[in-house]
Amino acid sequence: MATKVYIVYYSMYGHVEKLAEEIQKGATSVEGVEAKLWQVPETLSEEILGKMSAPPKSDVPVITPNDLAEADGFVFGFPTRFGMMSAQFKAFLDATGGLWRTQQLAGKPAGIFYSTGSQGGGQETTALTAITQLVHHGMIFVPIGYTFGAGMFEMEQVKGGSPYGAGTYAGDGSRMPSELELAQAFHQGKYIAGITKKLKAAA
């Protein structure tokens with residue numbers, strides 16, 4: 001039976017979605033792993049999104065809290081808002097009370113990835129503050145540490161991400177993830193999928 005990894009994200013301008021797609025590729029590169037993309041529900045109206053010049057959403061399915069129970073592991077992604085996850089993703093997690101009550105997610109591994117506007121915009125705090133959500137569900141936080149190797153020490157070009165997980169810098173919105181950032185996202189997907197598979201096999 002295949003190991004299921006759900007990549008669940010919120011993306012307003014496409015930066016987080018680009019990382020999510022690469023994480024999915026990395027996860028599916030592990031034999032016996034099925035990785036599925038999900039986006040969380042939007043909380044803003046079409047009128048507000050229009051004023052913010054947000055592009056239309058992709059056709060990636062929208063997840064419900066109960067869908068989470070089907071997965072063996074997760075990678076959660078979101079843009080930062082003042083150093084924390086976006087309200088859309090927090091609203092989705094706020095709706096998982098039923099899963100929390102029964103601890104259906106306890107013991108399942110989860111990673112985190114993110115996008116910020118600048119180098120001081122929350123590349124670490126966005127992930128750090130999100131860990132509280134995992135803790136209350138009893139999930140196991142899986143950081144990538146320095147397993148990405150030399151890419152973690154890149155100094156010649158701007159690169160998002162940290163030991164907490166893959167990341168990118170959006171700047172004013174025009175900058176999309178670089179090849180190095182996408183490579184780190186692929187690595188994260190592969191790394192977490194491998195750990196999820198091992199945990200499931202040992203259960």
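# A tour from the inside out

Start by selecting F76, F78, M85, F89, L93, I112, A130, Q133, L134 and M139: together they line the largest cavity. This is a predicted model, so treat the tour as a walk through a prediction. Now colour the selection by element. β3, α3 (87–94) and α5 (125–137) each give two or more residues to this lining. The largest share comes from α5, with three residues. Next, colour by residue class: you should find nine nonpolar residues, one polar residue and no charged ones. How much space lies in the largest cavity? About 50 Å³. Don't go hunting for others of 30 Å³ or more, since a search of the whole structure finds one cavity of that size.

## Zoom out

Show the whole chain as a cartoon and trace it from the N terminus. The elements come in the order β-α-β-α-β-β-α-α-β-α-β-β-α, which adds up to six helices and seven strands.

Turn the model around and look at its overall dimensions. Along its principal axes, the C-alpha trace spans about 45 × 40 × 30 Å. How does the radius of gyration fit with a compact globule? With 203 residues, such a globule would have a value near 17 Å, and the chain's 16 Å agrees with that.

Try colouring by burial too: 49% of the 203 residues are buried. Then look at who touches whom. Among contacts with a separation of 6 or more, 74% are between residues 24 or more positions apart.

Now select residues 5–192. The UniProt record, an unreviewed entry, places the feature "domain: Flavodoxin-like" here. Over this stretch the chain is 32% helix and 19% strand. Click on the C-alpha atoms at its two ends and you'll find them 9 Å apart.

## The largest pocket

Select M152, K159, G160, G161 and Y169. Of the 15 residues lining the largest pocket, these are the closest to its centre. The pocket's volume is about 250 Å³. Expand your selection to the full lining and colour by class: six residues are nonpolar, six are polar and three are charged.

## The second largest pocket

Move on to Y13, H15, P79, S115 and A170. They are the closest to the centre of the second largest pocket, out of 16 lining residues. Its volume is about 220 Å³.

Which elements should you highlight around the second largest pocket, if you want those supplying at least two lining residues? Pick α1 (15–28), β3 (73–81) and β5 (109–116). β3 makes the largest contribution, with three residues. You've met β3 before, in the lining of the largest cavity. By class, the lining of this second pocket holds five nonpolar, nine polar and two charged residues.

## A buried stop in a loop

Select S162, which sits in the loop between β6 (140–141) and β7 (167–169). Is S162 buried or exposed? The cut-off for buried is under 20% relative accessible area, and S162 counts as buried because its relative accessibility is 5%.

Show the side chains around S162. Leaving aside neighbours within four places in sequence, S162 is in contact with Y114, Q123, E124, I144, M152 and Q184. You've already clicked on M152, one of the residues closest to the centre of the largest pocket. Now draw a distance from the C-alpha atom of S162 to that of F113: the separation is 9.3 Å, although the two are 49 residues apart along the chain.

## Two unusual backbone angles

Finish with two residues worth a click for their phi angles. The first stop is F82, in the loop between β3 and β4 (84–85). F82 isn't a glycine, yet its phi is positive, at about 55 degrees. Switch on the surface and find F82 there: its relative accessible area is 87%, so it is exposed.

Then go to Q103, in the loop between α4 (97–102) and β5. Q103 also has a positive phi of about 55 degrees without being a glycine. How exposed is Q103, and what is its relative accessible area? Q103 is partly exposed, at 33%.

Key:
Residues are numbered from 1 along each chain as its sequence is written. This is a predicted model: local features need pLDDT of at least 70, side-chain atom pairs count only at pLDDT 80 or more; totals for chains, interfaces and linings use all residues. Side-chain values use heavy atoms; hydrogens and water are left out. On a 1 Å grid over the protein atoms alone, a cavity is a set of points where a 1.4 Å probe fits but cannot get out, and a pocket is an open set with protein on both sides within 12 Å along at least five of seven lines; lining residues have an atom within 4 Å of a point. Grid points are joined across faces, edges and corners, and a volume is the space filled by probe spheres set on the points. Ala, Val, Leu, Ile, Met, Phe, Trp, Tyr, Cys and Pro count as nonpolar, Asp, Glu, Lys and Arg as charged, and the others, Gly among them, as polar. Helices (H or I, at least four residues) and strands (E, at least two) are DSSP runs, numbered from the N terminus. UniProt positions are given in the numbering used here, feature names are shortened, and annotations may be inferred rather than shown by experiment. The radius of gyration is taken over C-alpha atoms; the globule rule is 2.2 Å times the number of residues to the power 0.38. Buried means under 20% relative accessible area, exposed over 50%, partly exposed in between (1.4 Å probe, protein chains only). Contact means heavy atoms within 4.5 Å.
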